[in-house]
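Hi,

Here is the structure I said I would pass on. Have a look at it first, and my notes follow right below.

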Amino acid sequence: MRVNSIIKVITCCVLLSTLCGCYYNKRLVYFGDQQFSTTKPTLIENKRGAYRLQSSDILSVQIKGPGETAVTNQFNLNPQTSGSMFASPANFYMDGYTINPEGKITVPVIGEVSVKDMTIEEAQAAVQKSADKYLTKAIVIVKLTSFKVTVLGEVKNPGYYYVFNSQATILEGLGMAGDLTPVGKSTNR
């Protein structure tokens with residue numbers, strides 16, 4: 001009789017611990033909106049707003065001329081750039097143009113160019129216009145290089161991550177950090 005009651009207690013404990021360890025599907029859903037279906041995929045539009053440059057952003061500015069002459073090299077901070085795929089984020093800082101508090105960058109020979117509150121394309125056009133005063137058939141390439149995100153909270157690998165594209169979404173940030181942990185709440189928005 002005593003053995004049967006011990007087996008029942010152990011069975012109840014195992015069953016109870018198994019049920020408590022399960023997560024129901026709603027806790028794992030990122031988008032808990034009523035318009036989403038659990039049976040078919042729903043298209044989510046990812047509308048990204050245009051990023052506007054601000055003070056302390058770091059830009060990569062390259063001015064290229066026909067034939068890579070010594071003349072165009074004097075317009076670049078680091079003319080001997082080899083295009084290495086393995087540059088560290090520190091290189092982008094050292095070889096980049098930091099936007100000052102007035103919203104300007106200082107390009108060799110050209111001087112100050114105002115880029116605050118511009119998109120990357122607008123900043124490229126502004127530097128191109130300034131470069132055209134000194135060079136003919138020059139091509140200006142401007143990229144944002146200071147894009148770093150910090151992911152904190154109930155994620156697998158919290159920390160900061162460098163993003164090497166023009167913009168990132170919150171889902172990309174969560175993906176870089178290894179996604180939410182099982183106890184992370186996806187319902188807090």
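Of the contacts in the protein chain with a separation of 6 or more, 55% are between residues 24 or more positions apart. Keep in mind that this is a predicted model. The chain has 189 residues, and buried ones make up 25% of them. Its accessible surface comes to about 13,700 Å², with 58% of that belonging to carbon and sulfur atoms.

On secondary structure, I count 5 helices and 7 strands in the protein chain. Going along the sequence, the pattern reads α-β-α-α-β-β-β-α-β-β-β-α.

Now the sheet. Three strands form an open sheet: the order is β2-β1-β5, and the pairing is antiparallel. Strands β2 (97-98) and β5 (139-144) are at the edges with a single partner strand each, so each has one side without a neighbour in the sheet. Strand β1 (residues 58-64) is joined to β5 by 6 bridges, and the two run antiparallel. If you want a spot to zoom in on, Q62 is opposite I141 in β5. Helix α4 (residues 120-131) packs on this sheet, where it touches β1 and β5, and its direction makes about 145 degrees with that of β5.

Then there is the hairpin. Strand β3 (residues 104-107) and strand β4 (residues 111-114) run antiparallel, with 4 bridges joining them. Two of the pairings can be named: V107 has G111 in β4 as its bridge partner, and I105 has V113. The hairpin has 3 residues between its strands, and V109 takes a positive phi near 70 degrees there. So that backbone angle may be one to look up when you open the file.

The side chains of β3 alternate along the strand. On one face are I105 and V107, which are buried, while K104 and T106 point to the other face and are not buried. For K104 the relative accessible area is 30%, which makes this residue partly exposed. K104 also forms a salt bridge with E112, in which the closest N and O atoms are 3.7 Å apart.

How many salt bridges does the structure hold? There are 2. Besides the K104 and E112 pair, the side chains of E122 and R52 meet in one, at 2.8 Å from N to O. This pair links distant parts of the chain, as E122 belongs to helix α4 and R52 to the loop between α1 and β1, 70 residues apart. Is E122 buried or exposed? Neither label quite fits: E122 is partly exposed, with a relative accessible area of 36%. R52 also counts as partly exposed, at 39% relative accessibility. As background, side chains of opposite charge can pair when their charged atoms come close.

Back to helix α4, which also holds S130. At 15% relative accessibility, this serine counts as buried. Which residues is S130 in contact with, leaving aside its neighbours within four places in sequence? They are I110 and V113. V113 has already come up above, as the bridge partner of I105 in β4.

Two more places to look at. At one end of the numbering, I6, I10 and V14 make a nonpolar surface patch of about 270 Å². Of these, I10 has its place in helix α1 (residues 2-20).

The other place is D179, in the segment after α5 (170-176). D179 is partly exposed, its relative accessible area being 33%. What is the separation between the C-alpha atoms of D179 and V155? The value is 5.5 Å, for two residues 24 apart along the chain.

That is what I have so far.

Cheers

How values were computed. Residues are numbered from 1 along each chain as its sequence is written. This is a predicted model: local features need pLDDT of at least 70, side-chain atom pairs count only at pLDDT 80 or more; totals for chains, interfaces and linings use all residues. Side-chain values use heavy atoms; hydrogens and water are left out. Patches are made of residues with over 30% relative accessible area and no salt bridge: like charges are joined within 9 Å, nonpolar side chains (Val, Leu, Ile, Met, Phe, Trp, Tyr) within 5 Å. Accessible areas come from the Shrake-Rupley method with a 1.4 Å probe; for residues, only the protein chains shown count as cover. A salt bridge is a side-chain nitrogen of Lys or Arg within 4 Å of a carboxyl oxygen of Asp or Glu. Two strands pair if DSSP finds at least two bridges between them. Contact means heavy atoms within 4.5 Å. Axes are lines fitted to C-alpha atoms, for helices over the stretch in contact, and angles run from 0 to 180 degrees between N-to-C directions. Buried means under 20% relative accessible area, exposed over 50%, partly exposed in between (1.4 Å probe, protein chains only).
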